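Me: Hi! Could you walk me through this structure? I have a few quick questions.

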Amino acid sequence: MEEGNTIAKRAGSRLCCLCNERKPALKRPKTLEQICRDCFYNVFEEEIHQVIVGNHLFKAGERVAIGASGGKDSTVLAYVMSELNRRHNYGLDLFLLSVDEGITGYRDDSLETVKRNEVQYGLPLKIVSYKDLYGWTMDEIVKVIGLKNNCTFCGVFRRQALDRGAAYLKVDKLVTGHNADDIAETVLLNILRGDVARLSRCTSITTGEDGPIPRCKPFKYTYEKEIVMYAYFKKLDYFSTECIYSPNAYRGFAREFIKDLERMR
Ligand SMILES: Nc1ncnc2c1ncn2[C@@H]1O[C@H](COP(=O)(O)OP(=O)(O)OP(=O)(O)O)[C@@H](O)[C@H]1O
């Protein structure tokens with residue numbers, strides 16, 4: 001038996017290339033290594049832990065809100081942050097913070113997911129809505145202005161709504177699920193627009209230190225494909241529909257371009 005294993009290991013084929021014990025379950029997008037599920041969980045979580053520690057993202061005793069949209073990125077972020085907080089004794093008080101933009105058939109459904117996550121992960125949830133803060137839902141705004149530029153309005157409102165929610169929760173920091181793919185798209189968009197000011201700050205792991213609440217991106221180096229795989233293998237409860245108002249053509253172009261480059265790798 002021992003000899004059989006040794007042969008398989010030497011052949012370098014049938015076993016996970018990290019533990020050399022279990023069968024591989026996936027080809028890791030970041031490194032293209034064939035690895036088993038347990039090793040994938042380990043490297044995925046450990047890399048995020050190293051990003052948190054290496055960049056001094058938090059201090060013990062801090063209150064941290066997780067921007068929770070119910071989508072894959074923020075759901076995996078909420079799960080991994082609560083696991084790492086427990087495992088490594090970060091000493092953080094974690095909260096889920098959701099913005100209800102008032103988009104029927106999209107945000108109402110995704111918020112149901114976040115309400116389930118509140119119970120599943122044992123994290124208190126605060127929801128702030130555009131209707132309460134500004135007197136308008138996105139549905140009402142779109143009825144008036146049509147389907148033009150609404151991502152721009154919505155982005156500005158959401159940013160402020162997250163600040164207001166963070167102030168309500170009295171948190172020290174806000175974390176979002178922006179991942180390496182999102183950041184690559186933003187870099188490309190800022191180059192295409194010639195927006196040098198944004199280009200210089202869009203890759204920072206922490207922003208807004210001079211504003212009401214610093215924002216951190218613990219997934220700055222995490223590939224979107226790995227987040228999807230992690231959510232899938234862990235059977236996490238998330239909502240996977242695109243916003244009905246955001247075909248978002250320009251960002252979509254950047255996304256496709258980066259995916260094409262990735263395929264050529
Ligand atoms: N309605 C919301 N309420 C709270 N946080 C939000 C909301 N929308 C977005 N965020 C935060 O901003 C991050 C990036 O949002 P974006 O709209 O780019 O969604 P995404 O890349 O599809 O992420 P997700 O899969 O988490 O929805 C999210 O991961 C989340 O942390």
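Me: Which residue follows H4, and is its phi positive or negative?
Reply: Gly 122 follows H4, and its phi is positive, near 65 degrees. One caution: this is a predicted model, where local features need pLDDT of at least 70, side-chain atom pairs count only at pLDDT 80 or more, and totals for chains, interfaces and linings use all residues. Residues are numbered from 1 along each chain as its sequence is written.

Me: Which residues of H4 are buried?
Reply: Arg 107, Ser 110, Leu 111, Thr 113, Val 114, Asn 117 and Tyr 121 are buried (20 or more other C-beta atoms within 10 Å of a residue's own, with 12 or fewer meaning exposed and partly exposed in between; C-beta atoms are placed from the backbone). Down the axis of H4 they fall within an arc of 150 degrees, so they line one face of the helix.

Me: And what's on the face turned away from that buried side?
Reply: Exposed residues Asp 108 and Val 119 sit there.

Me: Switching topic, which residues come nearest to the ligand?
Reply: Of the 15 residues around the ligand (C-beta atom, placed from the backbone, within 6 Å), Gly 67, Gly 71, Asp 73, Ser 74 and Gly 177 come nearest. H3 and strand E4 (93-100) each give two or more residues to that shell.

Me: Back to helices: which residues are buried in H2?
Reply: Cys 39, Phe 40, Phe 44, Ile 48 and Ile 52 are.

Me: Anything just after H2, say which residue has a positive phi?
Reply: His 56, with a phi of about 50 degrees.

Methods:
Helices (H or I, at least four residues) and strands (E, at least two) are DSSP runs, numbered from the N terminus. The arc is that of the directions from the helix axis to the C-beta atoms.
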